[in-house]
Amino acid sequence: MKNRAIIWRENDMVTQFANVVNVQGTREQVDLFFGTNRTWNVSEASDVVVDLSNRIILTPLAAKRLLSVLSGVLGEYESRHGRLDIES
């Protein structure tokens with residue numbers, strides 16, 4: 001079998017910033033929601049406002065591949081720059 005090249009076409013690609021992500025899933029799909037927290041200087045009584053910008057829908061297999069790739073990238077990052085604390 002011939003090896004096939006992957007051709008990355010970025011003509012219509014856009015770049016957006018997100019500092020918030022949420023995930024939900026069903027048997028058929030995994031949904032990733034990306035947004036930006038617009039609430040700076042939050043007081044105890046304030047609500048947090050997140051402007052959602054993108055929803056990415058993945059098959060469970062694609063989500064598992066994403067998990068594997070992200071684990072590798074973040075493992076490499078932490079080995080270079082130190083452990084990331086997600087509780088802070």
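Q: Which elements each supply at least two residues of the lining of the largest pocket?
A: Strands β1 (20–25) and β2 (30–37) and helix α1 (60–81) each supply at least two residues of that lining, and α1 gives the most, with three residues. The model is predicted, and local features need pLDDT of at least 70 and side-chain atom pairs pLDDT 80 or more, while totals for chains, interfaces and linings use all residues. Residues are numbered from 1 along each chain as its sequence is written, and side-chain values use heavy atoms, with hydrogens and water left out. The element names refer to DSSP runs (H or I, at least four residues, for helices; E, at least two, for strands), numbered from the N terminus.

Q: What makes A18, N19, V20, V21, L32, F34, L66, L70 and L74 lining residues of the largest pocket?
A: A pocket is an open set of points on a 1 Å grid over the protein atoms alone where a 1.4 Å probe fits, with protein on both sides within 12 Å along at least five of seven lines, and a lining residue has an atom within 4 Å of a point. The nine residues named in the question line the largest pocket, which holds about 260 Å³ of space; that volume is the space filled by probe spheres set on the points, which are joined across faces, edges and corners.

Q: What class of residue dominates the count in the lining of the largest pocket, and how does the second largest pocket read by class?
A: With Ala, Val, Leu, Ile, Met, Phe, Trp, Tyr, Cys and Pro counted as nonpolar, Asp, Glu, Lys and Arg as charged, and the others, Gly among them, as polar, the largest pocket's lining has eight nonpolar, one polar and no charged residues. The lining of the second largest pocket has five nonpolar, three polar and no charged residues. That second pocket, with a volume of about 220 Å³, is lined by V14, Q16, F17, A18, F34, S53, N54 and I56, and strand β3 (residues 50–58) gives the largest share, three residues.

Q: Why is the contact between D51 and R38 called a salt bridge?
A: The term requires a side-chain nitrogen of Lys or Arg within 4 Å of a carboxyl oxygen of Asp or Glu, and the closest N and O atoms of D51 and R38 are 2.9 Å apart, so the pair qualifies. This pair links distant parts of the chain, with D51 in strand β3 and R38 in the loop between β2 and β3, 13 residues apart. Side chains of opposite charge can pair when their charged atoms come close.

Q: What makes E76 and R80 a salt bridge, and where do they lie?
A: Their N to O distance is 3.1 Å, so this pair also meets the cut-off. Both residues lie in helix α1, four residues apart, about one turn of the helix, and the structure holds two salt bridges.

Q: Why are E76 and D51 given one exposure label and R80 another?
A: Buried means under 20% relative accessible area, exposed over 50%, and partly exposed in between (1.4 Å probe, protein chains only). E76 stands at 40% and therefore counts as partly exposed, and D51, at 37%, also counts as partly exposed, whereas R80, at 61%, is exposed.

Q: How do you know whether L58 and K64 are buried or exposed?
A: L58, in strand β3, has a relative accessible area of 17%, under the cut-off, so L58 is buried. K64, in helix α1, has 60%, over the upper cut-off, and is therefore exposed. As for strand β2, seven of its eight residues are buried.

Q: What makes β1, β2 and β3 paired strands, and why do β1 and β3 count as edges?
A: Two strands pair if DSSP finds at least two bridges between them; six bridges join β1 to β2 and eight join β2 to β3, so both pairs qualify. The three strands form an open antiparallel sheet in the order β1-β2-β3. β1 and β3 each have a single partner strand, so one side of each is left without a neighbour in the sheet. Among the bridge partners are V20 with G35, V21 with F34, F33 with R55 and T36 with D51, and β1 and β2 form a hairpin with four residues between them.
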